[in-house]
Amino acid sequence: MQRTSKVKNKNASLVQITAEQLLREAQERSSETPHVAPKQKIADLEELNDYRQKKRKGFEDAIRKNRNHIGTWLKYAQWEESQQEIERARSVFERSLDVEHRNQSLWIKYAEMEMKHKNVNMARNIFDRAVAILPRVDLFWYKYTYMEEVIDNVAGCRQVFERWMSWEPSEDAWLAYIKLEKRYSENARARAVFQRFIGCHPQPKNWLKWAKFEESIGRTDFAREIYEKCIETLGEEFVDQNVYISFAKFETRLKELERARAIYKYALSKLPKSKAENLHNVYSQFEKQHGGREGIEDVIVTKRRVKYEEEVAANSKDYDVWFDYTRLEESAGDYEKIRDCYERAIAEVPLIKEKRFWRRYIYLWLFYAVWEEKVAKDIDRAKQIYTQCLNIIPHKTFTFAKVWLNYAKFLIRQDDIPGFRKALGTSIGMCPKDRLFRGYIDLELRLQEVDRVRTLYEKYLSWNAGNSAAWRRSVGDMDRCRGIFEIAIGQEELEMPEILWKAYIDVEVEEEEYEKARALYERLLKRSEHVKPSDRLDAVRRVFTRGYDTLRKKGEKADRAFLVETWREFEKSFGDADGLKNVEGKVPRLVKKRRKVLLEDGSGAESGVWEEYNDYLFPDDETERPNLKLFEMAHAWKDKLKMGMLDSDDESDDDDEEEDQDGENKESGKEDGGSSSKRKRNSSDSDDD
């Protein structure tokens, strides 16, 4: 065994080597010129054979160690090729293919070696074997077709492409085949390849490539047919905006501006906004370049139409959006689109049968009917709209008088007087309302049908006898009018009798029947004597009291002071002494107070600055807080003391006199007076401090 040597000197060396020096030396040595083995010079054939034998033995040994290492096989074959041993190189490639026939590099290197040495048939044989074993590897087909085209074997190249196309390869393979036919000006063959290509890959971009090819060779008729066939074949679901844009630009290049405009409009009507963002911009540019004012406005209308469609899709019961949408279509002037928009809008019936949900919806029907009558001039359709609207309203729950009256006015405009009376008669019998009666009577008055008006008034009053407005309406016959007024004021229960009396008196004044008007005033005064004023005063006071208590709970002192002042004025004008005394006891006093100002930063901290403000002191609040009264008396005494109106001796004498009057002992009174004066002096001193 070797003995371990002992370090005799364990002190640090004088020269220290740092890690930085070690790294620098390593970098310098790596940058030096690497060692190159000397070239071996072979003098004769025997040395050459020995050299080859050693190299082959080394390659064979490496293969025996790892026969799946493809790099070793490739180096072996390339070395044999460099020695001009083509047969041996072929043997190496064949042996390697037996080991791994799916390796693409082996097939490519093998074929390139044969092509390099101009062994075309051997290379063709290798490619045939490769595409038969691996038909989905496009690289083999590309190399194969390139070799055939390089040797000017176009027919053979076309046959290879046909074999390739039978496997339905990717789009690039079809385009390579088409480019081959275009290079040799075989347009008919290229068109046939395009047809097969579209059948295999029917994406919109491939249709566009075919159309551009036809346009490039001058066959615009074929190009237009391709665009139309693309839209027809793919359908609205798969056609994107690029197809329409390309089609429109194609027509623009041919100066077919109307065709291009029609394509843009058709596309915008079919595609949703999310898929037509670029289409809107292109159409706008087209109209700016080739269109006029109407075209630009049409673009704007189209954009707004898309916006409304999205809002309606989000909430179909938003009737405000439908109003805007129908106005937009009316401004465009397309009757079919207007009717379609209105039909879609009125189809959105409210789900809940409550009148507040139907108010906006009903106006859609009214606007639709008015448009059909005034703009479209389709009277039959307008009448049908009114009829459908009346049928859809749940009249047992609620009704809309405006619909009945608009329908009646429409029938009058069409000279259908019996129809108008039948419609309003049905409305009164089905769902009577004040507005329906008033509207029906007004229309009959315009038609000067006085007898019918009287009949309607009778039905109106029989339905609602307490309606003062119905009683006071007149039709020109004064005797009848007075009779109706007499019957009306004789009713025990009326909604607003003062309106009825005033109308009766006004009628007599207008007829210059002053005596009768004076008699009516007398009757009204006698009738009003039954009303007790005290009851009304008590009711008013109760209202004031409720308001006072409410404002007191809320702490609204300014409003409460205003209410008390108003209450006092009322008692002075209409009340009595007791009521006025009660209110006087509630009148507040206006005092000035000081408070600290808060900071404006919202933190609620005090700024150290004081400010004065006005406050109201109510007697009710003072009784609840007796200590406040004491403080106020102290402050009042302090103010008097400062003005010289009071001295301490007088105060003590006054205190003694009061105590004598109470029957107390004088001496004890003096002591008490002295102590009280002493307390007041102390309080004054503390206040002065």
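With the side chain of which residue does the side chain of R90 make a polar contact? The partner is E87, at 2.8 Å. The model is predicted, and this briefing covers the surroundings of R90, those of E80, and the packing of helix α8 with helix α9.

**R90 in helix α4**
- R90 belongs to helix α4, which spans residues 86-99.
- R90 has a relative accessible area of 13%, which is under 20%, and is therefore buried.
- Leaving aside residues up to four places away in sequence, R90 touches Y110, M113, E114, N119 and M122.
- Y110, one of these contacts, lies 20 residues from R90 along the chain, and the C-alpha atoms of the two are separated by 7.7 Å.

**E80 in helix α3**
- E80 is found in helix α3, made up of residues 70-82.
- A relative accessible area of 1% places E80 among the buried residues.
- The side chain of E80 is joined to that of R56 by a polar contact of 2.9 Å.
- R56 is also one of the residues that E80 touches when those up to four places away in sequence are not counted; the others are E85, R88, A89 and V92.

**Packing of α8 with α9**
- Helix α8 (residues 154-165) packs with helix α9 (residues 171-183) at an angle of about 155 degrees, and their axes are 11 Å apart.
- Because the angle of about 155 degrees is over 145, the two helices are roughly antiparallel to each other.
- The crossing of α8 and α9 is left-handed.
- On the α8 side, C157, R158, F161, E162, W164 and M165 make the contact, and on the α9 side A173, W174, A176, Y177, L180 and E181 do so.
- By class, the residues of this contact comprise 9 nonpolar and 3 charged, with no polar ones.

Note on methods: Residues numbered from 1 in each chain as written. Predicted model: local features only at pLDDT ≥ 70, side-chain atom pairs only at ≥ 80, totals over all residues. Heavy atoms only, no water. Helix = DSSP H or I, 4+ residues; strand = E, 2+ residues; numbered from the N terminus. Buried < 20%, exposed > 50% of the residue type's maximum accessible area, 1.4 Å probe, protein only. Polar contact = N/O pair within 3.5 Å; in protein donor to acceptor, adjacent residues only side chain to side chain. Contact = heavy atoms within 4.5 Å. Axes fitted to C-alpha atoms, helices over the stretch in contact; angles between N-to-C directions. Parallel < 35°, antiparallel > 145°, perpendicular 65-115°, else oblique. Left-handed = near helix turned anticlockwise from the far one by under 90°. Nonpolar A, V, L, I, M, F, W, Y, C, P; charged D, E, K, R; others polar.
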